[in-house]
Structures are given as C-alpha cells and as structure tokens.
Amino acid sequence: MTGAAIIDDLRARGLIHDTTDEVALRARLDEGPITLYHGIDPSASSLHLGNLIGILVLRRFQDHGHRPVALVGGSTGMVGDPGGRSEERNLLDADALAHNVAGIQAQVERLLNVGGDNSVELVNNFDWTKGVTVLEFLRDVGKHATVNQMVAKDSVRSRMDSEHGISFTEFSYQLLQAFDYWWLHTHLNCDMQIGGSDQWGNITAGIDLIRRRESAHVHGLSWPLITKADGTKFGKSTDGALWLDRDQTLPYEFHQYFLRTDDRDVERFLLQLTLLPVDEVAAIMAAHNETPEQRVAQSALADAVTELIHGSDEVRKATLAARALFGGGVLDADGLEALRGVVAETSVHAALASGEEAVVDLLVATGVCSSKGDARRTIQQGGIRVNGDRIESTADGFAFVGERFALVQRGKKQRHLAVVGG
RNA sequence: GGGUCGGUGCCCGAGUGGCCAAAGGGAACGGGCUGUAAACCCGUCGGCUUCGCCUACGAAGGUUCGAAUCCUUCUCGGCCCA
C-alpha cells in the first residue's frame, strides 16, 4: 500500500502545517514508495515526548509503504539549531554525543519497523560530515546559498533581533542540514524531508541546495508544533521533560500525564500521538462527549501512547496502580509491594518513623518536600497523606506498613514510596 | 578608550539609611469546587534547632548604632560617544 492516501490521513489528523507543491508531492507518492527522512537532535540520551510526533509521522509513512530514514544529528548536534531558543546552546562533547546518539537510535528502532521491504534506516550525519573540509563545504554548499536568504529565515532573524545575537556556528546550521538532505538524496535516493514547523526553513534550505546542485525537485512536509490549551509546554511536567526512557520517566508517570489531558486537547492528541485510525478516534470522541466525566478519551489516549512506548504490560500495571492509588482502597503490604517500580521510591531507615517529627523527616528524606519548612507548610495545608491517611499536624506519626513500606502522597498527584532498607 | 544607566528572591519587577526576608505580577505548590479536567475562589511560596536565629538584594571592602539602599574598587550587561 503506497500512494498519496497518507497525505489525506495526515491532513485529517491536523498534521500538515506546510508542504512543498502538494500536487507534485501527491503525484510522486502515487508512483510508489518514497524515501523520506526526519532528523532528530541528540541533545539527550533519550527521546522525550516532544520527539514523539515526528517519529510517529515517520511511522505513518512507513505504514503506508514508504521508506523511512531516521537521522540522528551527531554533527548538527555539535553545532546547535538556533530555532526555538533565545540564546546560544551549550555544545556537547563528542563522547556525550555518541552516547546520546546510541540511546536515541535504540529507541527509534523500537518505534519503527525493522526489516522487510521498507525497513527503517538509521543514519548519523557525523558519518558523512566529519571528513568534509571547510574548503569543500564552502565551495559545494556555501556557494549555492545566499546570505540574504539565510538571514531571512525566522529562526535567524529572531535571534539577530535579540540582545544575545547569534553565533556564526548556529547561523551555519541550516547549511549543514541542507547538506544532510543533499547527501541523503544523492546516496540514499531520499526525496522528502519531514519535520516540525520550526524546521521548515532548514527543510527548504535543503530543497534549494538539491535543486541547484542536482536540478532535482524534492519534497518537504512539516507538522504544527503541539500546543496545550492551558498554555503550558507540551511534554513537560513538574519534574521536567517526560522521557520515553522508563528509567528517566516511569511508565506510570507517563500514563498519568496523558490521563490528565485537558478536554480541549484530547482529540488532537489522539489523532497526532497515537496510531489509532481517524474514524476510531471519532468514535472515542463521540463516546467521550456523551459522558465527559468518564474521561473515556483521556483513558484511550493514555493507554494507546503508553502501549506504543512501553508495551501493554506497562499499561496494565499503570492502570492497576492508578486504581489502587485513586480508588481509596485499603493499602496493605501486598498492595504497596505491587506499586514498586510503578511510582518513584526511596530507601529509608526504619528509625525514621520514631523521630519527633517523623512525617516531616519522611517528606524530606523522600524528596517529596524540599525542606523541613516546606514539609511543615504542606502538612499545615492538609496536603500530605501517608498510607492514605491525611496528616493533620507535624506531631502526627506514621508506621511502615508490614514494617517495610510507607506511601507518601502530596496533593492529588504526587506519590512516593518509602521502602525500609530499599 | 570616554560617558551614562543598570545588575533585587524561580522569572519579571517595586524598593534610595531603620517599619525589608524585601510591594506587585507571573510561574510553581497546597486546599476548595470538579471528572486525577477547564474556569473560579482561598492559602503558601529562602533556610533552620521556627514566638527566635541564620543566610540573602552582582563581588569584595568601607561609613554607620543600623545598609538592598551611602562611599571605594572590581565584575557583568544596556545605551551614547570615540
């Protein structure tokens, strides 16, 4: 199955922000499988939620029979994309980058299909940029670009207007990315680049380069950046970014994040962040709108995304954990044991329970509160529960269930398990 | 190089000798309402051995009974001149 149907699907999902000549693109897709690439910045050792949409668009193309190339920017990561940030970025050293690239590639392989006619191909642009000399680059790439055009890009202009300015290094980024596209076009027959709308300028830079050097017309497509109705940044929680790596963000937290999705966002997220068919999403939304308080759509979203990333087993565990934590049932040692690995935990000493202000100490020891003052305040505000019981005063004590576990809750959302001895 | 204005708590931003742990706003956190939503309301928001003490207003010195506030030097940034 190939063809331009993918474009209709993406449009139905609100995943098309910009495309190059759509008529030409559709015609090309109807001819047969296209090779397309998406670049990922290796600024960390794991992908985070913000990367998910791009990986999934790549996957959607793959599911339609096209050939995905996932580029992890080992060399562009050394330079830094000026887009979307107001200041120069810190450059990573080579070792850190190699580590990040490896981590990200492993995750990409799990989200895209490996093997078969249109297996995902993983590439690292460091492989073809490391040997290029400055003179070669200036002659083969730089000669085909005008500074006038480069300066006109939004990402560059906004930085030139800012007080911090922009370094030549980051200014050059778009040429490096253009070079990538050219290289993939000439070596892997790649005729399409996709990316977030913030990448549009870089994508067109590559298209221009290929047209000038090869007289070839290649394609580009971008999706809109994900926004949230409340104005907060998508994919960030209290503790920072939500990572796809289970060691950095527990599957339970991941699942919970989506379960709390705002009604105004949930349909869009279902369309853009899951592989559920469009008509199925419509059915889910219909059911949701019947009884919004049931949060059918949020559950479907959380389950679908978590399954994609962590597998159905983790979905089941997260659901069970949520039921135990929010259901208000009895918390016995077995129940708490089941929460291990699901909620964050800290190992503590048994003696912690016998202090003057045992609960205050517990809150600080687990990191749930940042200081004793913070702990006391939160207790006074009625924000702390231990093993399900609200702590009324700092003088209250607590006991470890089964002499092993204490479940600390701060507010409605934060959970932390203290384990004696660990 | 000269001149000038400025560097305040997570961010923005008041404060020009005691009433300043420092107004106000934002973010964040807790409570209420609710659907583990939105909106809205209330509260908290440097630390501690918490009726008091310690640390803090770019850094280091100094004046003073007393300094975020005055002086000196340094440092960083904006603007103007060269």
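A residue is called buried when its relative accessible area is under 20%, and exposed when that area is over 50%. The views below show a predicted model, and these two words return in several of the legends.

**View 1. Chain A is divided into three domains.** Domain 1 covers residues 5–223, domain 2 covers residues 236–338 and domain 3 covers residues 344–420. When the centres are taken over C-alpha atoms, 48 Å separate the centre of domain 1 from that of domain 3.

**View 2. The largest nonpolar core lies between domain 1 and domain 2.** This core holds 55 residues, of which Leu49, Phe61, Ile194, Leu221, Phe258 and Leu273 touch the most other members. Helix 3, made of residues 49–63, gives the largest share of the core, namely eight residues. Both domain 1 and domain 2 give residues to the core, and it therefore lies between them. Another core, of 27 residues, lies apart from this one and has Phe171, Tyr181, Trp200 and Ile210 among its members. As background to such views, nonpolar side chains tend to be buried together in soluble globular proteins.

**View 3. Leu49 and its contacts.** Once residues up to four places away in sequence are set aside, Leu49 touches Phe234, Gly235, Leu242, Leu244, Phe254, Tyr257 and Phe258. Among these partners, Phe234, Phe254, Tyr257 and Phe258 also belong to one aromatic cluster, and Phe269 is part of that cluster too.

**View 4. Helix 13 is mostly covered.** The helix runs over residues 251–259, and eight of its nine residues are buried. The buried residues are Pro251, Tyr252, Phe254, His255, Gln256, Tyr257, Phe258 and Leu259, and among them Phe254, Tyr257 and Phe258 are members of the aromatic cluster.

**View 5. Tyr37 and Tyr181 form an edge-to-face pair.** Two aromatic rings are counted as a pair if their centres lie within 6.5 Å, and by this rule the count comes to nine aromatic pairs. In the pair shown here, the ring centres of Tyr37 and Tyr181 are 5.7 Å apart and the ring planes stand at 65°, so the pair is edge-to-face. Tyr37 lies in strand 2 (residues 35–40) while Tyr181 lies in helix 11 (residues 173–188), so the pair ties together parts that are 144 residues apart in sequence. Both Tyr37 and Tyr181 are buried.

**View 6. Phe179 and Trp182 form a stacked pair.** The ring centres of Phe179 and Trp182 are 5.7 Å apart and the planes stand at 15°, so the pair is stacked. Phe179 and Trp182 are separated by about one helical turn, because they are three residues apart in helix 11. Phe179 and Trp182 are both buried.

**View 7. Leu25 is buried in helix 2.** Helix 2 is made of residues 22–31, and Leu25 has a relative accessible area of 0%, so it counts as buried. Leaving aside neighbours within four places in sequence, Leu25 is in contact with Ile7, Thr19, Met192 and His219. Leu25 and Ala4 are 21 residues apart in sequence, and their C-alpha atoms are 8.0 Å apart in space.

**View 8. Five strands form an open, mixed sheet.** The strands follow the order 9-13-12-10-11, and the edge strands are strand 9 (345–348) and strand 11 (389–390), each of which pairs on one side only. Strand 10 (residues 384–386) and strand 12 (residues 405–410) run antiparallel and are joined by three bridges, with Ile384 standing opposite Arg410 of strand 12. Helix 19, which covers residues 358–365, packs on the sheet and touches strand 9, strand 10, strand 12 and strand 13 (414–420), and its direction makes about 95° with that of strand 10.

**View 9. Ser215 and Asn387 have a positive phi.** Ser215 has a phi of about 55° although it is not a glycine, and Ser215 is placed in the loop between helix 12 (200–214) and strand 6 (219–223). Asn387, which is not a glycine either, has a phi of about 50°, and Asn387 is placed in the loop between strand 10 and strand 11. Is each of these residues buried or exposed? Ser215 has a relative accessible area of 61%, so it counts as exposed, whereas Asn387, at 15% relative accessibility, counts as buried.

Technical notes. Residues are numbered from 1 along each chain as its sequence is written. Chains are lettered from A and ligands numbered from 1 in the order in which they are written. This is a predicted model: local features need pLDDT of at least 70, side-chain atom pairs count only at pLDDT 80 or more; totals for chains, interfaces and linings use all residues. Side-chain values use heavy atoms; hydrogens and water are left out. A nonpolar core is a set of buried Ala, Val, Leu, Ile, Met, Phe, Trp, Tyr and Cys residues joined through side-chain atoms within 4.5 Å. Buried means under 20% relative accessible area, exposed over 50%, partly exposed in between (1.4 Å probe, protein chains only). Helices (H or I, at least four residues) and strands (E, at least two) are DSSP runs, numbered from the N terminus. Domain bounds come from an automatic or database domain assignment. Contact means heavy atoms within 4.5 Å. Two strands pair if DSSP finds at least two bridges between them. Axes are lines fitted to C-alpha atoms, for helices over the stretch in contact, and angles run from 0 to 180 degrees between N-to-C directions. Rings of Phe, Tyr and Trp (its six-membered ring) pair if their centres lie within 6.5 Å; planes under 30 degrees apart count as stacked, over 60 as edge-to-face and the rest as tilted.
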